[in-house]
Amino acid sequence: MARPARRTSRSKAREAALAVAAAVRLPDAADVAVVGGGAAGLAAAIAAGEAGARVVVLERSAECGRTILATGNGRCNLANARLCPDRYNDPAFVEAVCGDAARFRGDVLAFFDACGLQTVLEEQGRLYPCSRQAASVRAVLLARAGRAGATLAPAREVTSVAHADGGWVVTWAGAEGAVASGSLRAGAVVFAAGGGEALTRSLGLACSPFRPVLCALACEPQGAALSLADLDGRRAHACARLLRDGAEVARERGEVLFRPYGISGIVAFDLSRTARPGDVVSLAFADGMLDEADARGLAGRAGSCAGFLDPAIESVLAATGADVVSLALDLRLRVTGPAEPERAQVTRGGLLTEQFLPGTLEAREARGLFACGEALDVDGACGGFNLAWAWRSGLVAGAAAAQAR
């Protein structure tokens with residue numbers, strides 16, 4: 001007789017998480033319902049709970065804060081020491097909500113200090129927990145939310161948010177039959193769920209289309225018989241210019257990771273915020289510090305391009321039969337679209353910001369409805385900018401929702 005398949009540790013963990021979620025007993029009513037238990041939702045729950053509101057957080061995943069664990073390659077780049085509103089797609093709105101760079105940074109760091117989290121500064125202003133483990137960030141947030149009295153209710157996917165009798169009714173579907181479906185009434189709702197276009201549009205507010213950003217780029221070599229598969233896994237520092245109809249529309253410097261489908265790494269992620277299919281990425285290796293005369297001089301003295309280019313990359317470029325120096329200064333890749341969109345760090349799109357009061361993040365035409373984080377059409381560059389927006393906007397929305405209940 002064949003043995004039954006052994007359950008994986010992952011499936012066992014999910015079953016255990018669903019059992020914990022099913023044991024959560026929800027009230028019929030709350031002062032504030034938070035839709036989404038990720039970074040922004042937990043910050044909102046903490047702010048609302050500490051302001052005296054009865055808070056319920058509804059999260060579709062089996063555990064609240066799970067998305068935090070995947071940030072920064074599991075290390076959680078939670079903010080940046082150089083928080084500037086101009087690193088976002090809507091700088092005027094971000095500054096109106098968060099203040100200038102100094103205030104923005106100070107408020108985020110004060111929040112985590114009050115959580116009992118020590119942070120450390122790394123290259124390019126990136127801030128991490130000193131443990132370099134995203135689990136530390138999640139742990140202190142869950143603990144603080146618990147101390148604030150928030151009821152965390154994961155494995156419940158919100159299906160509707162409807163205005164009723166001066167308040168709101170939030171309805172959800174339970175997960176996999178393990179958690180019951182239901183609804184509750186709330187005096188105020190904080191919408192902190194990103195990427196759910198159907199639910200977002202059901203609020204009756206204007207919403208821009210969702211699309212993945214901060215992700216790898218699918219590309220095809222242009223003008224050279226180059227196989228990207230031959231460069232798979234190679235890393236190089238480069239200046240990357242994004243060209244549209246021959247004109248430069250964006251520029252980034254840093255590490256590029258070659259993949260068979262195109263390019264990945266921080267440079268590609270930041271370019272993905274602007275790139276469209278048909279655009280061209282021009283890569284100049286050695287961080288773009290060399291002009292043609294300098295590059296050819298170095299190549300002449302060394303007898304190769306090894307003085308400024310990874311020899312493995314040089315070998316692949318040489319195999320094309322084209323001039324290696326020319327390719328090293330201007331390797332062109334045509335963008336065909338985002339690559340691995342399911343792994344995108346951020347979803348662009350969401351509720352249009354002009355519909356919300358920046359001081360409270362309350363909807364102008366739907367009083368008692370607040371939004372924060374990825375629910376709003378705000379996204380920032382790589383390097384902790386998006387999580388910083390999630391924390392700060394969540395705190396603003398949660399505190400204001402507590403007052404509006």
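## A three-stranded sheet

In strand β5, Arg126 is the bridge partner of Asn80. This is a predicted model. The pairing of β3 with β5 is antiparallel and runs over two bridges. Both strands belong to an open sheet of three strands, ordered β3-β5-β4 and paired antiparallel. Its edge strands are β3 (79-80) and β4 (119-121), and each of them pairs on one side only. Strands of a sheet pair through backbone hydrogen bonds, either parallel or antiparallel.

On the other side of the sheet order, β4 and β5 (residues 126-129) pair in the antiparallel sense over three bridges. Thr119 stands opposite Pro129 of β5. Leu121 faces Leu127 of β5 in the same manner, standing opposite it. β4 and β5 form a hairpin, with four residues between the two strands. Gln124 lies in the turn and has a positive phi of about 60 degrees.

## Side chains of β5

Which residues of β5 point one way, and which the other way? Arg126 and Tyr128 point one way; Leu127 and Pro129 point the other way. All four are buried. Tyr128 also has a charged partner: the charged end of Arg75 sits over the Tyr128 ring, 4.2 Å from the ring centre.

## The largest nonpolar core

The largest nonpolar core has 85 residues. Leu141 and Trp391 have the most contacts inside it. Helix α11 (residues 385-404) gives this core its largest share, 12 residues. In soluble globular proteins, nonpolar side chains tend to be buried together.

What does Trp391 touch, leaving aside residues up to four places away in sequence? The contacts are Ala39, Ala43, Ile68, Leu78, Val108, Phe112, Val137 and Leu141. Leu141 is thus on the contact list of Trp391, and these two residues have the most contacts inside the core.

## Aromatic pairs

The model has six aromatic pairs. In one of them, the ring centres of Phe112 and Trp391 are 5.0 Å apart and the planes stand at 85 degrees, so the pair is edge-to-face. Planes over 60 degrees apart count as edge-to-face. Phe112 lies in helix α4 (residues 101-115) and Trp391 in helix α11, so the pair ties together parts that are 279 residues apart in sequence. Are these two residues buried or exposed? Both Phe112 and Trp391 are buried.

Ring pairs also join Tyr88, Phe104 and Phe385 into a cluster.

## A barrel and another core

Six strands close into a barrel, in the order β11-β14-β13-β12-β15-β16. The pairing in the barrel is antiparallel. From one strand to the next, the twist averages 45 degrees.

Strand β15 (residues 280-285) pairs with strand β16 (residues 331-339). This pairing is antiparallel and covers four bridges. Where does Ser282 find its bridge partner? The partner is Arg332, in β16.

Return now to the nonpolar cores. The largest has 85 residues. Apart from it lies another core, of 38 residues. Its members include Val256, Val281, Leu283 and Val335.

Terms used: Residues are numbered from 1 along each chain as its sequence is written. This is a predicted model: local features need pLDDT of at least 70, side-chain atom pairs count only at pLDDT 80 or more; totals for chains, interfaces and linings use all residues. Side-chain values use heavy atoms; hydrogens and water are left out. A nonpolar core is a set of buried Ala, Val, Leu, Ile, Met, Phe, Trp, Tyr and Cys residues joined through side-chain atoms within 4.5 Å. Buried means under 20% relative accessible area, exposed over 50%, partly exposed in between (1.4 Å probe, protein chains only). Contact means heavy atoms within 4.5 Å. Two strands pair if DSSP finds at least two bridges between them. Axes are lines fitted to C-alpha atoms, for helices over the stretch in contact, and angles run from 0 to 180 degrees between N-to-C directions. Rings of Phe, Tyr and Trp (its six-membered ring) pair if their centres lie within 6.5 Å; planes under 30 degrees apart count as stacked, over 60 as edge-to-face and the rest as tilted. A charge sits over a ring if NZ of Lys or CZ of Arg is within 6 Å of the ring centre and within 35 degrees of the ring normal.
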